[in-house]
Number of protein chains: 2
Amino acid sequence: MTITIALDAMGGDFGPSVVVPASAAALEQERDLSLILVGDPALVEAAMSECRLPRPGGRWVVRPASQQVEMDELPSAALRSKKDSSMRVAIDLVKVGTADACVSAGNTGALMAMARFVLKTLPGIDRPAIVSALPASGGHTHMLDLGANVGAGAEQLCQFAVMGSVLAQCVDGIASPSVGLLNIGAEEIKGNEQIKASHRLLTESDLNYAGFIEGDAIFRGQIDVVVCDGFVGNVALKTGEGIAKMFGERIREEFERTSFTRLAGAFAMPVLRRVRARMDPRAYNGATLIGLRGVVLKSHGGADRVAFAHAIRRAASEVREGIPDRVREHLETKLAEQEAV
Amino acid sequence: MTITIALDAMGGDFGPSVVVPASAAALEQERDLSLILVGDPALVEAAMSECRLPRPGGRWVVRPASQQVEMDELPSAALRSKKDSSMRVAIDLVKVGTADACVSAGNTGALMAMARFVLKTLPGIDRPAIVSALPASGGHTHMLDLGANVGAGAEQLCQFAVMGSVLAQCVDGIASPSVGLLNIGAEEIKGNEQIKASHRLLTESDLNYAGFIEGDAIFRGQIDVVVCDGFVGNVALKTGEGIAKMFGERIREEFERTSFTRLAGAFAMPVLRRVRARMDPRAYNGATLIGLRGVVLKSHGGADRVAFAHAIRRAASEVREGIPDRVREHLETKLAEQEAV
């Protein structure tokens, strides 16, 4: 079976200059992949001809789109007026079944709005959430929402918990993934009204709910799914990126200080490279818009070739796993149970 | 001039077993310091006699308190019924002028409620905020609120900006500190209603307002003061701690993998120790409850001896700098200007 993925070739900070070489790399890595690069044909083809990697033959095609969604454009405006944008056309290709999934590094709000309008949400889901795997001791943790739903209510946080739980079941094969609710303390008195109400709902649910967790527990590897509001999740994600980057810089600075430290650095380099590889945020690029009737991935806007290629491969893997269908089945079972009560 | 600091000796995860040796260390480090350890005399004195550091002579005294605030106690309940708790008595000592400042590692909400009730807020300030210096490229960034105000409104976020700005002026000697508002994107369309309203108010203010910043910019060292809601700030802080800890663990794991990496580790150790010293969260322990008519510091509940001693020294430094008076002067000038308009 060939997996076809539509790419918003104009999205993100770098457009075709990153999407095209990332596509070539992903095609090299995954033999069952075929890509549709959506965007300005002149720009995309120019990037293709500059691409020094072995040409992947007929496995990539260009699909023209005359418009582009800007990074600061209002989602509602993009939805209304950008019907021939690279982002919208890539989503439309999933809708009509030409593509199995789409990936964009563009405007998150617009991607959300368009994907929701075109593909629709699964039964029982108000709005999709953005979920990503983050590195944790001994593996990873799925965290959602990472920025799609600012001011999520208690019911919505529970929907995130269900979706995250199904995702962890599918991706990691865990029978009953543990779910934590991100709060500013482990005590029941902490948090705002949404958090407290969501805590009550989750306690009564049949999920493997582990209660409140604090920010530092995200990376401890004891929780499979971390649930939070989109504002909080996005800030936590980017704060983590910032800390990791500062850590890396300080290590570099200290090893470059004297000739002794430079020598020590030469010895330590292979080890530090392994640490970096394990912590590399590029290896975690590609956040899923979960809750949709289709696979849509959001890449980091500043993603480079390696990071964007990873997002493409993650999309392919979600198609292989049949994530949206499995989430839908789980939700339908839950809804049927509720109706039976 | 001697600076007298009242300590909640029963607070935090470890009570006197951390507060007492931390006190001894702080007294060794700061010659103008005198400490009042408030708590159960039997327990505090037992810890004092176990303390193997050179005894600091008459510079510490025990002040009995018969109660203790629990970590999961409701702030309102603690305020009503814990009038002879170690936390409350320490704050009372600041009120009557026996102590110049107090430090507690106990229940944050209760500390907030008691300090606000006993000491009162400065003119123009609704509620105090928790502010701390966080490590950043080339120095540090003051961030507030870190957990005292969940669901802060637009006006309150502006008050945080004013207080943080005055703090940066006093502590770092910056004439016009830059202030950033934490958001999930740099574009004007991002964020919730409070953030957008606060953005408008800050744009019109006479602060050196730099606009929206994202979580990764906290550590970049380009912004002197980062303003956010208490829920968001607390999650960001703890997420950062979690990432830093995971980073440290992975470095240790990789250096312990083979005999070659262990040898490389022996070379690299002095360098990595310097990195750790620069990033050590213990060197940043001690968050100020700013906006009060007095110096009150909150230590991390899990602080060890080194971390708690740092919080004591930070309190002493704020007394020396006369932070509350300087914030008050600034606020009074601002209020007078507003009335003149």
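**A tour from strand β5 of chain B outward**

Begin by selecting strand β5 of chain B, where both faces are covered: B:Ala129, B:Val131, B:Ala133 and B:Pro135 on one side, and B:Ile130, B:Ser132, B:Leu134 and B:Ala136 on the other, are all buried. A residue is called buried if 20 or more other C-beta atoms, placed from the backbone, lie within 10 Å of its own, exposed if 12 or fewer do, and partly exposed in between. The strand spans residues 129-136, and 8 of its 8 residues are buried. Helices (H or I, at least four residues) and strands (E, at least two) are DSSP runs numbered from the N terminus. In a regular strand the side chains alternate between the two faces of the sheet.

Before moving on, note that this is a predicted model, in which local features need pLDDT of at least 70 and side-chain atom pairs count only at pLDDT 80 or more, while totals for chains, interfaces and linings use all residues. Residues are numbered from 1 along each chain as its sequence is written, and chains are lettered from A and ligands numbered from 1 in the order in which they are written.

Next, add the neighbours of β5(B), bearing in mind that two strands pair if DSSP finds at least two bridges between them. Strand β10 of chain B (residues 287-290) pairs with β5(B) in the antiparallel sense over 3 bridges, and B:Ala129 has B:Ile290 as its bridge partner there. Strand β6 of chain B (residues 139-144) also runs antiparallel to β5(B), joined to it by 6 bridges, with B:Gly139 as the bridge partner of B:Ala136. The hairpin of β5(B) and β6(B) has 2 residues between the strands, and B:Gly138 takes a positive phi near 75°.

Follow chain B past β6 to the peptide bond from B:Leu144 to B:Asp145, which is cis with omega near 5°; B:Asp145 lies in the loop between β6 and α6 (154-172) of chain B. Then go back to B:Lys120, in the loop between α5 (108-119) and β5 of chain B, where phi is near 70°, a positive value in a residue other than glycine. B:Lys120 is partly exposed, with 15 other C-beta atoms within 10 Å. Most residues other than glycine have a negative phi, and most peptide bonds are trans.

Now select A:Ile5, which together with B:Ile5 touches the most other members of the largest nonpolar core, a set of 245 residues. Such a core consists of buried Ala, Val, Leu, Ile, Met, Phe, Trp, Tyr and Cys residues joined through C-beta atoms within 7 Å. Leaving aside neighbours within four places in sequence, the residues in contact with A:Ile5 (C-beta atoms, placed from the backbone, within 7 Å) include A:Leu33, A:Leu35, A:Ala99, A:Cys102, A:Val103 and A:Ile312.

Finally, display both chains. The contact between them takes 49 residues from chain A and 50 residues from chain B. On the side of chain A that touches chain B, the elements giving two or more residues are α8 (230-255) and α9 (259-279) of chain A, and α8(A) provides the largest share, 20 residues. Of the interface residues of chain A, 100% are also interface residues in chain B, so the copies meet through the same surface. A rotation of 180° with 0.0 Å of shift along its axis superposes chain A on chain B with an RMSD of 0.0 Å (least squares on the C-alpha atoms of residues with pLDDT of at least 70 in both). That is the relation of a two-fold axis.

Technical notes:
Contact = placed C-beta atoms within 7 Å.
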